[in-house]
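Here's a quick walk through one protein model, taking in its strands, its charged pairs and a bit of its surface. Have the structure open as you read.

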Amino acid sequence: MKKSFIKNFCIIFVGVLLLTGCNSDKNELKTDNNIELIPNSYYAYSKSECTPFNELYFKDDNYTYYKVCVDYIELDFKDTKLVRDLKESILSDETSLDDLINNSKNKEKYGLYNVYFYDSFNLAINNYNIYLIHETINYKNYLDSLDN
C-alpha cells in the first residue's frame, strides 16, 4: 500500500510539474505579444510645394488635427522596430496626444495657443484644434493669420 501511495504521489507530482511548466510557457508568449509601445520620436515629412494653409489631417474623439505643409508625421517606438504614421497610431490607441506633447523639445505660450517644438515641426493647440506646422513655416505668422 505504501509503494502504491508513493508511486501515485510521484506520478501526480510529475504531472503537476509538467502542467506548471506548460502554463508558464503560455504566459510568456502572451507577454511577448502584448509589448508596451513607448513613443520614441516624431518626424514630419513635408510636401514638395507648400502654401501655408491648413489641411484636415484627421479627427479623433475630442480633437481635430490639421497639417500645414506636412504630408505625414512618422512615429517610431522605443525597444521595437515599429514605425507608424501619427494618424494611424492615435486612431489605433498605440499613442496619444499626451505622448506627443511629452516628447516635445520645448513649449511656449503664444497668444491663445500652446506651442510645442519638435525637430521638424511645431504643434499648436487652441481649444480642440491641433495644428501640425512644418518647421519651414513661421508658426507665429501662421497662427496670427488664423486669428484674423
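Let's start in β5, where Val83 is the bridge partner of Asp76. Keep in mind that this is a predicted model. Strand β4 (residues 70-78) and β5 run antiparallel, with three bridges joining them.

Zooming out, β4 and β5 belong to an open sheet of three strands, ordered β1-β4-β5 with antiparallel pairing. β1 and β5 (83-85) are the edge strands, each pairing on one side only. From one strand to the next, the twist averages 30 degrees.

Now for the charged pairs. How many salt bridges does a search of the whole structure find? It turns up two, and here they are:

| Salt bridge | N to O distance |
|---|---|
| Glu94 and Arg84 | 3.0 Å |
| Asp119 and Lys105 | 3.8 Å |

Asp119 sits in the loop between β7 (113-117) and β8 (121-126), and Lys105 in the loop between α3 and β6 (106-110), so this pair ties together parts 14 residues apart in sequence. Lys105 is exposed, at 59% relative accessible area.

In the other salt bridge, Glu94 has a relative accessible area of 17%, so it counts as buried, because the cut-off for buried is under 20%. Its partner Arg84 is partly exposed at 29%.

Finally, the surface. Tyr43, Tyr45 and Tyr72 make up a nonpolar patch there, together offering about 280 Å² of accessible area. One of them, Tyr45, belongs to strand β1 (residues 38-46) and is partly exposed, with a relative accessible area of 31%.

Key:
Residues numbered from 1 in each chain as written. Predicted model: local features only at pLDDT ≥ 70, side-chain atom pairs only at ≥ 80, totals over all residues. Heavy atoms only, no water. Patch = residues over 30% accessible without salt bridge, like charges linked within 9 Å, V, L, I, M, F, W, Y side chains within 5 Å. Areas by Shrake-Rupley, 256 points an atom, 1.4 Å probe, with all protein chains shown as cover. Salt bridge = Lys/Arg side-chain N within 4 Å of Asp/Glu carboxyl O. Helix = DSSP H or I, 4+ residues; strand = E, 2+ residues; numbered from the N terminus. Buried < 20%, exposed > 50% of the residue type's maximum accessible area, 1.4 Å probe, protein only. Pairing = 2+ DSSP bridges. Axes fitted to C-alpha atoms, helices over the stretch in contact; angles between N-to-C directions.
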